[in-house]
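Let's take a walk through this one together. Have the structure open beside you and turn it as we go.

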Amino acid sequence: MVGEKGNMQKVELVCPAGSLPALKAAVDNGADAVYMGFRDATNARNFPGLNFDEGGAAKGIRYAHEHGVKVLLALNTFPQPENWEQWTRAVDLAATLGVDAIIMADPGLLRYAATTHPELRLHLSVQGSATSYEAINFYQRQFCIQRVVLPRVLSFSQVTRLIANTDVEVEVFGFGSLCVMVEGRCALSSYVTGESPNTCGACSPAKAVRWEEDSSGRRSRLNGVLIDSYKPGESAGYPVLCKGRFEVNGRVDYAIEEPTSLSLLDRLPDLLKAGVVAVKVEGRQRSPAYVKQVTRVLRQALDACLADPENYTPRPDWVAQLDRVAEGSTHTLGALDRAWQ
Amino acid sequence: MKLAVGPLLYLWSREAVTDFYARVAASPVDIVYLGETVCSKRRFLTLADWQMLAERLVSAGKEVILSTLTLMESESELRTMRRIVANGQYPIEANDMAALYAVTEAEEAFIAGPHINTYNQATLELLAELGARRWVMPMELSRDTLAQMQQKRPDGLQTEVFVYGRMPLAFSARCFTARNRNLPKDDCRLCCGDYADGLPLGTQEGEGFLTLNGIQTQSGLVCNLLTELSALEKLGVDVVRLSPQSQHMEQVITAFHDVIQGNAEPESAQKELSAVVGEEYCNGYWFGEPGMAVR
């Protein structure tokens, strides 16, 4: 289809690869690119048992490249002085391994990559919190970033205006768990547990989670703080701290956000028309089965939308398949829909 | 070490704001940050009003900085930010990369606010080259990280640390105060103005946890580093920041001023302050622990 900028548009489907089986599931089911991280705190999904060591990464990159799929490497946490070298080594390793781009957020590290590996393509991570074209201008001017992943806080009209005012490629989240807060600007997790996405690549880390169960039901705690309680038989979710039920003004409710997933399936034609170049699937922490399912549905949806945007409507079976793997088995357009805000 | 009053994070009436800064003008603080940093819908004061307050504070011998919005999404927010940057008189606290872009394009000296993610020396160097005269340490960094940052700090770059107040921890497109009142954000009726120190969010067990302040989420507990001022001084920190609260701000300022000047022992000053503001506070981030912890 033809974007507003007048050029023939290709839209990349960017899928999560938390493990080699997940990477293969993404590649085999229609991803145009996969994104992965090393097995340490250098990326924002630093979870036990996830991600790639050097050998695994090389294997994954080979598999993807043999199938014509790009590999993006997430190095999107914020190194501190005591571990700075670990992050720069990760940048060097990514360059050596031949990834197609690095996804980064830290200004100091972006500068290191831009000066040490000028040939390497840089994407600004969602953790870089660029919510306006002026912020994107900053990263472009300083580090020659070629793509930005937008935080999940903008409305449709804001996304459209942003794209019209920058020549940096824009990637948006199309499906997956929803951050309610501006990414890169949330320290709630470290307030409770000492670890945050920025510092450790973890939000509400599993080691801080404790479940209690008795005749009255189940309770989830994060470093002792009660995040939610469930009656017997009520389905319980992972205690991400912003998705618990809390008391405000005498009312107990999901005061920040309910467990739900983001899904932009309904609005794909608008996104493509606005000039989005890539649609990203969240979920490196999810199973290969999730990656397979979501990649397959979004591939079909994107192809249908690109072929005939005017007559595109999400097929009910796509919606049902996505809702089955969605957090809370339900979905929202998030901030794109002003009513959500 | 200089004493600063950070930007007002809550929505107060015009009268309350004017009265607050009149009291700040009479207090022994050195630096005052002015302006709206949380929500662009809060317009009880215009830029001209803030500039008028700035003039009064300057007459009282204070250094004034104009702060910019932290989460910028719309064209009108960008326009307001550009007008603040172009004020021609006061330095800017840049709280977002868009503001950083505007100040560097204008080749103005600036302060990199606490929501610019300055986590390492390479970022410090970049900010210094771009014209930063001061950086404010992000909330979640520790004393040990600060010590390492200070060791290699670029020449001439000052350091500021948040030492008192509910910590701004997160920002969202969603307004949580309006959500609690069942109001859409587009028709929020400025309900955050009903909570002079934010709206408390507690657990189902009745424990205080967080504070909702419109689109901003703050710590439930007040961060208080009064007894750590000598450690901050030893690390070469230039400025410490107190965040405006609706109650007892003068006593807070006095306590910090007296300890910095050596007119009071930290422990006794803390005891006196606790008698006024209550016993509960947190300081965990400073010690490399969860932010809500207290040591």
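Which element do the buried residues of α6(B) pack against? Keep in mind that this is a predicted model. Start with the helix itself, which covers residues 143–151 of chain B and has B:T145, B:L146 and B:M149 as its buried residues. If you look down the axis of α6(B), those buried residues fall within an arc of 100°, so they line one face of the helix. As for what they pack against, the partner is α5 of chain B, residues 121–130.

Now swing over to chain A. Its secondary structure adds up to 11 helices and 16 strands. The radius of gyration of chain A is 20 Å, close to the 20 Å that the globule rule gives for 341 residues, so chain A is as compact as a globular protein of that length. Along the principal axes, the C-alpha trace of chain A spans about 60 × 55 × 40 Å. Of the 341 residues in chain A, 57% count as buried. Then there's the matter of sequence distance: take the contacts in chain A between residues at least 6 apart in sequence, and 62% of them join residues at least 24 apart.

How is chain A divided up? The domain assignment gives domain 1 as 12–178 + 260–340 and domain 2 as 200–253. Measure from centre to centre over C-alpha atoms, and 28 Å separate the two domains of chain A. Where they meet, 10 residues of domain 1 are in contact with 5 residues of domain 2. On the domain 1 side of that meeting, you'll find 4 nonpolar, 4 polar and 2 charged residues.

Next, follow a run of strands in chain A. β9(A), residues 209–214, and β10(A), residues 217–222, run antiparallel and are joined by 6 bridges. They form a hairpin with 2 residues between them. A:E213 has A:R218 of β10(A) as its bridge partner. A:R218 also stands opposite A:Y230 in β11(A). That takes us to the next pairing, where 5 bridges join β10(A) to β11(A), again in the antiparallel sense. This pair makes a hairpin too, with 2 residues between the strands, and there A:N223 takes a positive phi near 45°.

So much for chain A by itself; what does it do with chain B? In all, 57 residues of chain A are in contact with 51 residues of chain B. Several elements of chain A give two or more residues to its side of this interface, including α4 (107–116), α5 (133–143), β11 (225–230) and β12 (246–248). Sorted by class, the chain A side comes to 31 nonpolar, 17 polar and 9 charged residues.

One of those elements, β12(A), deserves a second look. It pairs with β8 of chain B, residues 199–202, in the antiparallel sense over 2 bridges. Here A:E247 stands opposite B:G202 in β8(B). A:E247 turns up again among the neighbours of A:V252, which touches A:R245, A:F246, A:E247 and B:Q204 once residues up to four places away in sequence are left out. A:V252 itself is found in β13 of chain A, residues 251–253. Is A:V252 buried or exposed? The answer falls in between: with 14 C-beta neighbours inside 10 Å, A:V252 counts as partly exposed.

Conventions. Residues are numbered from 1 along each chain as its sequence is written. Chains are lettered from A and ligands numbered from 1 in the order in which they are written. This is a predicted model: local features need pLDDT of at least 70, side-chain atom pairs count only at pLDDT 80 or more; totals for chains, interfaces and linings use all residues. Two residues are in contact if their C-beta atoms, placed from the backbone, lie within 7 Å. Helices (H or I, at least four residues) and strands (E, at least two) are DSSP runs, numbered from the N terminus. Ala, Val, Leu, Ile, Met, Phe, Trp, Tyr, Cys and Pro count as nonpolar, Asp, Glu, Lys and Arg as charged, and the others, Gly among them, as polar. Two strands pair if DSSP finds at least two bridges between them. The radius of gyration is taken over C-alpha atoms; the globule rule is 2.2 Å times the number of residues to the power 0.38. A residue is buried if 20 or more other C-beta atoms lie within 10 Å of its own, exposed if 12 or fewer, and partly exposed in between; C-beta atoms are placed from the backbone. Domain bounds come from an automatic or database domain assignment. The arc is that of the directions from the helix axis to the C-beta atoms.
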